[in-house]
Structure formats: C-alpha cells, structure tokens
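Please consider the structure shown here, first as a whole chain and then at the level of a single residue.

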Amino acid sequence: FHKVYYHQLNSPQQEDVLVFDDKENPNRNFSAHVTHDEKFLCIYGSESTSGNSLLVKDLSSKENPFVNIVSNFENDFSVVENIGNQFYIYTNYKASNYKLIKIDLTSPHTSHWFDVLPENDHLLEQVVFCGNKLVSNYLENVSSKLYVHSLSGKIENNISLTNICKVNGMNSTIDGNELLYSTVSYTHPEEIHFYDSQVKTSKRIFKPNCNFKSNDYVTKQVFFTSKDGTKISMFMTHRKDLILDGNNPCFVFGYGGFNISYTPEFRIDRALFLEAGGIYCVPNLRGGGEYGENWHASGIKCKKQNVFDDFIAAAEYLIAKGYTSSKKLA
C-alpha cells in the first residue's frame with residue numbers, strides 16, 4: 001500500500017498530508033512530480049519493471065479530480081513538458097521505437113492523442129524542450145544523433161556530433177535557449193557541450209584531464225552475419241597502426257538482454273588493454289535495446305539462442321578477417 005504524501009520543509013513528518021493512495025492494489029508503487037509551471041501534479045504507478053499508469057491533477061483547486069491518462073500498465077508514459085493543458089509525453093504506446101505524443105488534458109481519450117514525433121526506424125531515447133524548440137536524441141545504428149524540431153515536430157536542423165558517440169544526457173528548459181549535453185566514445189572520456197538554439201552553435205565546455213592518447217586509436221563499426229542470416233552491428237576499437245596478422249589479443253564484450261542498449265563508452269580498464277596493443281570489440285547482440293523492442297524480443301524466451309549465436313558469429317568474424325586467432329581471443 002504505497003502512498004504519496006506532501007511534506008512541508010521544516011515541519012514534523014507526522015504533519016505530512018496524504019496526496020494519493022490506492023486501497024485496492026497493495027503491490028503497486030507510485031512516484032510523483034510537479035510540472036515545470038507548478039500547475040499540475042503527475043503521478044506514475046508501476047507494477048513491474050516496465051509499463052506504468054499516469055494520473056494528472058490540476059492544482060488550481062484541491063477539489064479538482066485526478067484525470068486518468070492511462071491505467072493498463074501495458075506501455076511506458078513519461079511527461080516531458082506541458083504548455084497549459086497540452087501535455088507532451090514520451091511513450092512506446094503503439095511504437096516499439098518510442099515517440100513523442102501530445103495529449104489535451106480536457107480530451108484525454110486515446111482517439112484525441114496526436115503524434116508530434118511519430119515513431120521511425122530509429123530508437124528515440126530522449127526529448128527535451130529548449131525554449132520554443134524540441135531537441136530529440138535518437139540512437140541510429142547504436143550511435144547518438146541530435147535533432148532540433150519546431151513544436152509541431154518538423155526537423156529544423158541537427159546538432160553536429162562526432163561520428164560514433166553516445167549522448168548520455170540532455171538538460172534544458174522551456175524558459176531558456178540553452179542546452180547542455182554530454183558525449184562519450186570508446187576513445188574519448190565523457191565531455192560536456194553547450195548548445196545555443198538561437199544561433200544554432202555548439203561548443204565543448206568541459207573535457208576531463210586524461211592521459212590516454214585518443215588520436216592514436218580508431219573505432220569503426222562493422223556488420224557481420226549471424227547464424228540465421230541476421231546482420232549484427234559490432235564496434236571495434238584499436239590502435240590506428242594495427243597489423244592484421246591474426247596475432248592481436250582481442251577482447252569481445254557483449255550483453256544481449258533485458259532491453260539494455262550497450263552503446264559507446266569510455267573505460268580506463270579498456271584503455272589500458274588498448275595501450276597494450278589489444279583490440280576491444282562490442283557486438284550489439286539481440287535481446288538488447290539498440291534497435292527497439294523488436295530487437296529485444298528477438299533475443300528472449302524461446303529465441304534466447306539468437307543471443308549466443310550472435311556472439312559466436314562475432315568471434316568467427318574477427319578470426320576470419322585476420323584481426324585475431326582463437327588462442328588470442330577472450
């Protein structure tokens with residue numbers, strides 16, 4: 001019987017006011033937040049690790065009831081921002097690759113929902129408001145791409161990134177024109193960038209002090225064929241002067257489960273291995289989330305063998321192409 005309370009700072013906890021509870025469903029958990037304009041309370045309910053309910057309450061009057069946006073726990077819903085009664089929500093409802101929809105709180109039925117950023121072939125990971133613009137973060141072939149849209153969803157420009165990198169976070173507000181975001185790659189530690197949506201320019205504002213000589217190394221993406229003919233992506237990182245004589249020590253790391261995307265990252269232990277002449281490879285196995293829900297579903301339950309077949313095929317590719325040998329492969 002999880003409950004949501006309102007706590008006034010510097011007051012005794014026993015004076016907290018009950019905001020929401022569910023007397024019929026004891027195993028549900030709830031979380032709450034207030035919209036940026038502080039006019040609405042959003043309450044999310046969960047029963048497991050995926051799917052949630054969403055209730056919204058107009059805080060202009062204590063008598064206003066909660067509006068039930070969704071209650072079936074079949075999909076994920078997250079409020080990004082609101083403009084008055086118009087709520088912009090990130091969801092995988094009828095969209096395994098996620099999308100951004102707009103819901104009018106006065107007409108919340110699904111028949112009135114509007115797709116602002118419809119689902120496409122790439123995984124939508126995050127959307128933020130930056131002034132009167134939307135900034136979307138898509139994972140395209142397991143590498144991040146940032147786009148700037150009008151509030152109607154039309155692409156106006158993109159934010160330039162390095163070819164293979166991961167955007168780990170975006171922070172901005174509807175009241176400003178500045179966006180902060182971070183990028184990381186297999187050869188560069190995480191850096192922070194500042195984007196000005198008015199002049200459409202981006203600049204790096206923080207770079208960590210790391211002695212790894214990033215420019216001496218290269219990351220490339222290859223696609224190999226798994227046992228059933230499916231094309232699988234793999235990132236390979238090594239020194240630029242690598243000799244393909246089949247003698248290089250090679251470390252292959254994969255996951256392939258729980259809808260988790262294994263994307264570019266920088267790790268000191270991997271950097272040491274690279275400095276010692278190693279090749280570091282990350283195949284994007286089925287069962288992960290790199291290509292949306294369909295990719296995840298193709299590596300679970302009765303299809304779990306696909307994950308292991310993908311991993312074996314990655315090792316066979318590296319040997320066949322002369323990067324390493326079975327004795328030098330871990």
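The chain contains three helices and 22 strands; the model is a predicted one. Along the principal axes, the C-alpha atoms occupy a box of roughly 75 × 50 × 45 Å. The chain has 330 residues, of which 45% are classed as buried. When contacts between residues at least 6 apart in sequence are considered, 45% of them link residues at least 24 apart.

The surface and the charges may be described next. The exposed area of the chain is about 17,500 Å², and 50% of this area is supplied by carbon and sulfur atoms. The chain carries 32 positive and 37 negative charges, and the mean positions of these two sets lie 7 Å apart.

Attention now turns to one residue, N82, which belongs to strand β7, spanning residues 77-83. Is N82 buried or exposed? Its relative accessible area is 5%, and because buried means under 20%, N82 is counted as buried.

What surrounds the side chain of N82 can be described through its polar contacts and its wider neighbourhood. The side chain of N82 forms a polar contact of 2.9 Å with the side chain of D37. A polar atom of the N82 side chain also lies 3.0 Å from the backbone oxygen of G84. Leaving aside residues up to four places away in sequence, N82 touches T35, H36, D37, F40, F87 and I174. D37 thus appears both among these neighbours and as the side-chain partner in the 2.9 Å polar contact.

How values were computed:
Residues numbered from 1 in each chain as written. Predicted model: local features only at pLDDT ≥ 70, side-chain atom pairs only at ≥ 80, totals over all residues. Heavy atoms only, no water. Helix = DSSP H or I, 4+ residues; strand = E, 2+ residues; numbered from the N terminus. Buried < 20%, exposed > 50% of the residue type's maximum accessible area, 1.4 Å probe, protein only. Contact = heavy atoms within 4.5 Å. Areas by Shrake-Rupley, 256 points an atom, 1.4 Å probe, with all protein chains shown as cover. Lys, Arg positive; Asp, Glu negative; His and termini not counted. Charge placed at Lys NZ, Arg CZ, Asp CG, Glu CD. Polar contact = N/O pair within 3.5 Å; in protein donor to acceptor, adjacent residues only side chain to side chain.
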